Amino acid sequence: MIKLPSSVKIDNIEYEVKIIKNLKDEGNELMGCVTYHESVIKIDASQSQDQAINTLAHECMHAISFERGIDSLLKESILERVIDEMAKGFVQLIRDNPELIKCIKKTK
Ligand SMILES: [Zn+2]
(Lines give C-alpha, C1' and ligand atoms only; values in the text may rest on other atoms or scores of the structure.)
Protein backbone atom coordinates (compact mmCIF):
# COMPACT_ATOMS: atom_id res chain seq x y z
CA MET A 1 0.00 0.00 0.00
CA ILE A 2 1.56 3.27 -1.16
CA LYS A 3 1.58 6.16 1.30
CA LEU A 4 2.01 9.62 -0.20
CA PRO A 5 0.91 13.11 0.83
CA SER A 6 -2.60 13.99 -0.39
CA SER A 7 -1.22 17.19 -1.94
CA VAL A 8 2.02 18.99 -2.71
CA LYS A 9 2.49 22.75 -3.03
CA ILE A 10 4.61 23.71 -6.03
CA ASP A 11 5.36 27.42 -6.11
CA ASN A 12 1.89 28.89 -5.46
CA ILE A 13 -0.11 25.95 -6.79
CA GLU A 14 -1.53 23.17 -4.63
CA TYR A 15 -1.41 19.90 -6.62
CA GLU A 16 -3.69 17.11 -5.45
CA VAL A 17 -1.92 13.73 -5.36
CA LYS A 18 -4.10 10.79 -6.44
CA ILE A 19 -3.10 7.13 -6.37
CA ILE A 20 -4.81 5.45 -9.33
CA LYS A 21 -5.13 1.79 -10.33
CA ASN A 22 -4.10 1.01 -13.94
CA LEU A 23 -3.05 4.56 -14.76
CA LYS A 24 -3.08 5.00 -18.55
CA ASP A 25 -2.83 7.72 -21.15
CA GLU A 26 -4.21 6.92 -24.60
CA GLY A 27 -3.71 3.20 -23.90
CA ASN A 28 -0.13 3.54 -22.63
CA GLU A 29 0.59 2.43 -19.08
CA LEU A 30 2.03 5.20 -16.94
CA MET A 31 3.87 5.28 -13.61
CA GLY A 32 2.70 8.83 -13.05
CA CYS A 33 1.45 11.93 -14.78
CA VAL A 34 0.67 15.53 -14.01
CA THR A 35 -2.36 17.40 -15.32
CA TYR A 36 -1.44 21.06 -15.12
CA HIS A 37 -4.86 22.60 -15.82
CA GLU A 38 -6.42 20.52 -13.02
CA SER A 39 -3.38 20.76 -10.70
CA VAL A 40 -3.44 16.99 -10.19
CA ILE A 41 -0.57 14.50 -9.95
CA LYS A 42 -1.58 10.89 -10.54
CA ILE A 43 0.55 7.97 -9.36
CA ASP A 44 -0.03 4.38 -10.50
CA ALA A 45 -0.93 2.14 -7.55
CA SER A 46 1.08 -0.90 -8.69
CA GLN A 47 4.48 0.53 -7.65
CA SER A 48 6.50 -0.12 -4.51
CA GLN A 49 6.69 2.68 -1.95
CA ASP A 50 10.25 3.56 -3.08
CA GLN A 51 9.22 3.66 -6.75
CA ALA A 52 6.16 5.76 -5.90
CA ILE A 53 8.34 8.32 -4.07
CA ASN A 54 10.61 8.60 -7.10
CA THR A 55 7.61 8.87 -9.42
CA LEU A 56 6.06 11.60 -7.27
CA ALA A 57 9.39 13.49 -7.22
CA HIS A 58 9.58 13.09 -11.02
CA GLU A 59 6.08 14.52 -11.49
CA CYS A 60 6.89 17.34 -9.05
CA MET A 61 9.94 18.20 -11.19
CA HIS A 62 7.67 18.34 -14.25
CA ALA A 63 5.32 20.67 -12.37
CA ILE A 64 8.23 22.88 -11.21
CA SER A 65 9.56 23.13 -14.78
CA PHE A 66 6.02 23.93 -16.02
CA GLU A 67 5.26 26.51 -13.32
CA ARG A 68 8.61 28.22 -13.95
CA GLY A 69 8.30 28.07 -17.74
CA ILE A 70 11.49 26.10 -18.34
CA ASP A 71 9.90 22.94 -19.77
CA SER A 72 9.75 24.48 -23.23
CA LEU A 73 13.51 25.22 -23.31
CA LEU A 74 14.57 21.62 -23.97
CA LYS A 75 13.60 18.93 -26.46
CA GLU A 76 11.11 16.50 -24.88
CA SER A 77 13.51 13.53 -24.83
CA ILE A 78 16.26 15.61 -23.18
CA LEU A 79 13.79 17.22 -20.76
CA GLU A 80 12.54 13.78 -19.73
CA ARG A 81 16.08 12.59 -18.92
CA VAL A 82 16.91 15.80 -17.03
CA ILE A 83 13.65 15.62 -15.05
CA ASP A 84 14.21 11.97 -14.16
CA GLU A 85 17.81 12.36 -13.00
CA MET A 86 17.06 15.61 -11.12
CA ALA A 87 14.14 13.91 -9.33
CA LYS A 88 16.28 10.93 -8.27
CA GLY A 89 19.09 13.25 -7.18
CA PHE A 90 16.61 15.42 -5.28
CA VAL A 91 15.15 12.46 -3.36
CA GLN A 92 18.66 11.28 -2.48
CA LEU A 93 19.66 14.81 -1.43
CA ILE A 94 16.72 14.96 0.99
CA ARG A 95 17.43 11.46 2.36
CA ASP A 96 21.13 12.15 2.91
CA ASN A 97 20.88 15.68 4.32
CA PRO A 98 18.38 16.14 7.14
CA GLU A 99 20.42 19.10 8.44
CA LEU A 100 20.10 20.82 5.06
CA ILE A 101 16.31 20.39 5.18
CA LYS A 102 16.22 21.90 8.70
CA CYS A 103 18.24 24.91 7.50
CA ILE A 104 15.97 25.39 4.46
CA LYS A 105 12.83 25.24 6.63
CA LYS A 106 14.18 28.08 8.79
CA THR A 107 14.43 30.42 5.79
CA LYS A 108 11.82 31.80 3.39
ZN1 LIG B 1 8.32 12.49 -17.10
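## Working through a sheet and its helix

Leaving out residues up to four places away in sequence, Ala63 touches Ile10, Tyr15, Val34 and Ile41; two residues touch, or are in contact, if their C-beta atoms, placed from the backbone, lie within 7 Å. You're looking at a predicted model, where local features need pLDDT of at least 70 and side-chain atom pairs count only at pLDDT 80 or more, while totals for chains, interfaces and linings use all residues. Residue numbers start from 1 along each chain, as its sequence is written.

**Exercise 1. Find the order of the strands in the open sheet of four strands.**

*Solution.*

Step 1: Get the names straight. Helices (H or I, at least four residues) and strands (E, at least two) are DSSP runs, numbered from the N terminus. Two strands pair if DSSP finds at least two bridges between them.

Step 2: Start with S1 and S2. They run antiparallel and are joined by four bridges. Ile10 has Ile13 as its bridge partner in S2, and Ser7 has Glu16. The two strands make a hairpin with two residues between them, and Asp11 in the turn has a positive phi of about 50 degrees.

Step 3: Move on to S2 and S6. Here five bridges do the joining, and the strands run parallel. Glu16 turns up again, with Val40 as its bridge partner in S6.

Step 4: Finish with S5 and S6. Four bridges join them, and they run antiparallel. Val34 is matched with Ile41 in S6, and Thr35 with Val40.

Step 5: Put it together. The order is S1-S2-S6-S5, with mixed pairing. S1 (7-10) and S5 (32-35) are the edge strands, each pairing on one side only. On average, neighbouring strands are turned by 25 degrees against each other, direction ignored.

**Exercise 2. Work out which face of S5 is covered and which is uncovered.**

*Solution.*

Step 1: Recall the pattern. In a regular strand, side chains alternate between the two faces of the sheet.

Step 2: Sort the residues of S5. Gly32 and Val34 form its covered face, while Cys33 and Thr35 form the uncovered one.

Step 3: See what H1 does. This helix lies across S1, S2, S5 and S6, and runs at about 30 degrees to S5 (axes are lines fitted to C-alpha atoms, for helices over the stretch in contact, and angles run from 0 to 180 degrees between N-to-C directions).

Step 4: Look next door at S6. Four of its five residues are buried, so S6 counts as mostly covered: a residue is buried if 20 or more other C-beta atoms lie within 10 Å of its own, exposed if 12 or fewer, and partly exposed in between.

**Exercise 3. Find which element supplies the largest share of the largest nonpolar core.**

*Solution.*

Step 1: Pin down the term. A nonpolar core is a set of buried Ala, Val, Leu, Ile, Met, Phe, Trp, Tyr and Cys residues joined through C-beta atoms within 7 Å.

Step 2: Meet the core. It has 14 residues, and those with the most contacts inside it are Ile41, Ile43, Leu56, Ala57, Cys60, Met61 and Ala63.

Step 3: Trace the suppliers. S2 (13-20), S6 (40-44), H1 (49-67) and H2 (76-96) each give at least two residues. H1 has the largest share, with six.

Step 4: Check what covers H1. Its buried residues include Ala52, Thr55, His58 and Glu59, and their cover includes S1, S2, S5, S6 and H2.

**Exercise 4. Check the span of H1 against 1.5 Å a residue.**

*Solution.*

Step 1: Take the rule: the expected span is 1.5 Å times one less than the number of residues.

Step 2: Apply it. The 19 residues of H1 should span 27 Å, and the end C-alpha atoms are 26 Å apart, which agrees.

Step 3: Look past the helix. Gly69 follows H1, with a positive phi near 70 degrees.

**Exercise 5. For Glu26 and Ser39, find where each one lies and decide: exposed, partly exposed or buried?**

*Solution.*

Step 1: Know what to expect. Most residues other than glycine have a negative phi.

Step 2: Take Glu26. Its phi is positive, near 50 degrees, and it lies in the loop between S3 (24-25) and S4 (28-29). Glu26 is exposed because just 5 other C-beta atoms lie within 10 Å.

Step 3: Take Ser39. Its phi is positive too, near 55 degrees, and it lies in the loop between S5 and S6. Ser39 has 15 other C-beta atoms within 10 Å, so it is partly exposed.
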